[in-house]
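Trainee: I have a list of "why is it called that" questions about this one. Could we go through them together?

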Number of protein chains: 2
Amino acid sequence: MTEQEFLQELKEINLINQASTVLNWDSSTGMPDKAAEDRGEVESYLAGLAFEKSVGPKIKEAVEYFSDEEHKKELSEVGLAAFELVKEDYELNNAVPADLMRDFSRATSKAYSAWHKARSASDFSLYRDELAENIRIVKELLPYWKKDEATDYDVLLNKYEPKMTSEKLDKVFDQVRDGIMEIREVLAKEGTEPNTDFLNRKMTEEQQRKFVKQVVADLGFDFTRGRLDNTVHPYMTGINNNDIRITTRWDEEFFPAGVFGVIHEAGHGMYEQNIDSKYAYTPALSGTSMGIHESQSLFNEIIIGSNREFWKKQYPFFQECAEGTFDDISFDDFYDSLKKTQASLIRVDADTLTYVLHIIIRYEIEKMIINEDINIDDLPQIWNDKYEEYLGIRPDNDADGILQDVHWSGADFGYFPSYALGYMYAAQLHNAMKNDIDVDGVLASDDYSPIRKWSTEHIHQYGASRKPNQLIMDATGEELNPQYLLDYLKEIYYSVYKVK
Amino acid sequence: MTEQEFLQELKEINLINQASTVLNWDSSTGMPDKAAEDRGEVESYLAGLAFEKSVGPKIKEAVEYFSDEEHKKELSEVGLAAFELVKEDYELNNAVPADLMRDFSRATSKAYSAWHKARSASDFSLYRDELAENIRIVKELLPYWKKDEATDYDVLLNKYEPKMTSEKLDKVFDQVRDGIMEIREVLAKEGTEPNTDFLNRKMTEEQQRKFVKQVVADLGFDFTRGRLDNTVHPYMTGINNNDIRITTRWDEEFFPAGVFGVIHEAGHGMYEQNIDSKYAYTPALSGTSMGIHESQSLFNEIIIGSNREFWKKQYPFFQECAEGTFDDISFDDFYDSLKKTQASLIRVDADTLTYVLHIIIRYEIEKMIINEDINIDDLPQIWNDKYEEYLGIRPDNDADGILQDVHWSGADFGYFPSYALGYMYAAQLHNAMKNDIDVDGVLASDDYSPIRKWSTEHIHQYGASRKPNQLIMDATGEELNPQYLLDYLKEIYYSVYKVK
């Protein structure tokens, strides 16, 4: 087995996956309605081809051969990075008995349908059994996935954020939760709520698109290597680093949804566009974890998107794109309106201050589900109690409560913390960046490239060749520290709410 | 080998081809510019997978097994239709030595680049050697492809239009050429040219799209199983019969280009949408020949698109879509303007009367190239002489002459006649349709479905399970007869040009 043979096999798997990614993008951006059934057949055939190869004889041989420390020395830096990722994946795929994988796949597919129905009916009982079955199978899978993690939940957490522990997260989340709740108290007591009436003024899709396409191009999203389309559920998908596609939905009566949505997805996109091309056709040509990926999208959305200098510079162009609709709104009123905070029941509608509380609630419940023998029937109430405790509001139905998220129907326990990690990483990276660059000055200028270059140098270029903890340590000089997020939120919100 | 195994292998080939078709569509409708290189790798990998399977052991076994007349009886109607097509293809792919196929592929790829450069420079000499090499290799391939065709050219002709002969075409084309030249003479002597000044009035892309999307939906193009996108070179591509994509380019200063372009492509699309789904995942789920395919697109474009009742019905809606731009133009003036005829040098810009002459010129030259030992250096002059003889105008450079078409650079000799066959089939089918349906009456009504249903019943549903000559015979009761085209052209143009 030579490195070249190994990389050739990876390339073939990658080429099939590139095809699948285009098909998947196509199916959500305008594929004719009635093409769905056939498309399902094509996608599952290609996924099967790629999976067969990924656990096939060539990859098996490569894993065995290069696991030998002497043979490993034959690998280049790229080959080694690819090998480590392939090995992790191969071991995960091969540890589990095929029967159990099939049960898992069947259970999640059933649970997804049940969740869909239950959410429409706002009735947790319609989903209860399927969720229980998902949990049962995940617990059966855990021993196969487990390496040296301290708790069962850590095993799941590490699938999305390698090397993160719940011991660490417990401390971090305690600190963030207390900090955010304190900020909210101060704002409630001493703050002045900004006016947001005008946010519902009509801004057409075309006007919004004109504005935000220019903004994300300014930020560094390269449209010669990417595109923007409309979809129902916005996302970023990377076919390869020269073909990065972001999608959005527009709300003509509430422009921030589309505008911040595109700025967010463009952050994901810039990450993938700027991965070093030397990793092409290997699994290293992708983000290293969900948490780091979210850090890049949220850097765009909450760090840049909350920055007064950024908006001061962009507001005249925004007004121009809106063709008069906001001409009577002063810059200060406009900026302040973007940062109003208010407790809400639905995670995806949450503002940047309260968002992390939604995640912490899910994290705490997930740990109970996985590490403890919780009664499934108690979940809705546990959920509602936590919302009351942390956010001061209580869902009065399951759709606005425990049924709002799709994740558990896919048995994706351990995924939620990534969102909060993204917030904290983004703020920590921002702080480190400020040591090298006058970020406010750059955002007040015509040339944002120093920011993009800093992120590329410290994060983007490495793709999945480095683990999240190493990236954060190298880029910021310390491990995950949530204080930077709290400081940033305090600064922004106290200023907007005129807290002395 | 069972029928089921055979069909399963065809299905897998088909699923790969569906993926390739989507990728190909994507690459011409908005793929980021810089994604082209990687995309080429993906497409060629998938094409390789499909090709390997199509000449692989399972197909070989099926071809051998079901070639036995007793075994053939084990096939259902669908299996048999698929088998006949697979066998033809397999024999064509397997007869030729692999080396020669590689030479062919290399030569055409080189010739394509040379043609591109030569056309830009309008200099045939830059392409002469590569064209000569294409011709040489095709002549080397001919013995492998040949079955019982009368001339070498017939072998090539049959790749695109099975069972057609040049003996037949010679007669047909003589009749059509003489007929069209006679019509042109009469128009020149006795006709009154319609006014076309207003055709260049600006009609925005959006206005044109609104009009023509409604028109093709009325004609029967099903947008729940298809879509319309923008592209540089318009085409129709069928992923499967539930996912048919047509593309167009718009000219805001000359609406007929986009409008008739979409009507044309929708004809191709309706053909594929209406193939019986029982042929799904087999090669029978596609058009049976280029000629029949063109007959369906041209039925839309020149039969319906030249029909006075059709336009009388649509004109108020057209005026509405144009938002006042054509309000001062009477219906008669509008309709007449669409049918102005004028000799032109470029085939793709030709009008419906002169178009077939362009094809006949190419047909005659192709026969000389393939059946005779013509001197390549004489080709530009032969081309120009024929334009002068048949159309009365002479190209004064190679770009407007022999270099205008891409086909020969791909060694696609024998393809051009399909375009003319499409014209003649369309008119012949129209004549047969009129025996069953009051076509003018239908086009004056709100419900065009009887026309679409007739075409589906007689042509569309069969896909590639029947040969062109059989379809035409069954649908019209006679073999190809060019008189119907001449009669139709005469009727339309004499009326527009007020010939008594």
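Mentor: Gladly! Keep in mind that this is a predicted model. Let's start with A:Glu294: leaving out residues up to four places away in sequence, A:Glu294 touches A:His264, A:His268, A:Phe299, A:Ser418, A:Tyr419 and A:Gly422.

Trainee: Why is A:Glu294 called buried?

Mentor: Buried means under 20% relative accessible area. A:Glu294 has a relative accessible area of 9%, so A:Glu294 is buried. As for its place in the fold, A:Glu294 lies in helix H12 of chain A, residues 290–304.

Trainee: And A:His268, buried or exposed?

Mentor: The cut-off for buried is under 20%. The relative accessibility of A:His268 is 9%, so A:His268 counts as buried. A:His268 sits in helix H11, residues 255–273 of chain A.

Trainee: What makes the pair A:His268 and A:His264 a polar contact?

Mentor: The N or O atoms of such a pair have to be within 3.5 Å. Here the two side chains make their polar contact at 3.3 Å. Beyond its neighbours within four places in sequence, A:His268 is also in contact with A:Met236, A:His293, A:Glu294 and A:Ser297.

Trainee: Which residues does the "binding site" annotation cover?

Mentor: According to the unreviewed UniProt entry, the annotation covers A:His264, A:His268 and A:Glu294.

Trainee: How do you know that they cluster in space?

Mentor: They are spread over 31 residues of sequence, yet the largest C-alpha distance is 8.7 Å.

Trainee: What about A:Tyr484 and A:Glu478: what makes theirs a polar contact?

Mentor: The limit is again 3.5 Å, and the side chains of A:Tyr484 and A:Glu478 make their polar contact at 2.3 Å. A:Tyr484 belongs to helix H21, residues 483–496 of chain A. Not counting residues up to four places away in sequence, A:Tyr484 touches A:Ala427, A:Gln428 and A:Asn431 as well as A:Glu478.

Trainee: Now the two chains. Why are the copies described as related by a two-fold rotation axis?

Mentor: A turn of 180° and a shift of 0.1 Å along the axis lay chain B on chain A with an RMSD of 0.0 Å. The two copies are thus related as by a two-fold rotation axis.

Trainee: Which residue of chain B comes closest to the rotation axis?

Mentor: That is B:Ala19, whose C-alpha is at 3.5 Å.

Trainee: And how do you know that the copies meet through the same surface?

Mentor: Of the interface residues of chain B, 100% are also interface residues in chain A, so the copies meet through the same surface.

Technical notes. Residues are numbered from 1 along each chain as its sequence is written. Chains are lettered from A and ligands numbered from 1 in the order in which they are written. This is a predicted model: local features need pLDDT of at least 70, side-chain atom pairs count only at pLDDT 80 or more; totals for chains, interfaces and linings use all residues. Side-chain values use heavy atoms; hydrogens and water are left out. UniProt positions are given in the numbering used here, feature names are shortened, and annotations may be inferred rather than shown by experiment. Helices (H or I, at least four residues) and strands (E, at least two) are DSSP runs, numbered from the N terminus. Buried means under 20% relative accessible area, exposed over 50%, partly exposed in between (1.4 Å probe, protein chains only). Contact means heavy atoms within 4.5 Å. A polar contact is a pair of N or O atoms within 3.5 Å; within protein, one must be able to donate a hydrogen and the other to accept it, and residues adjacent in sequence count only if both atoms are side-chain atoms. Copies are superposed by least squares on the C-alpha atoms of residues with pLDDT of at least 70 in both.
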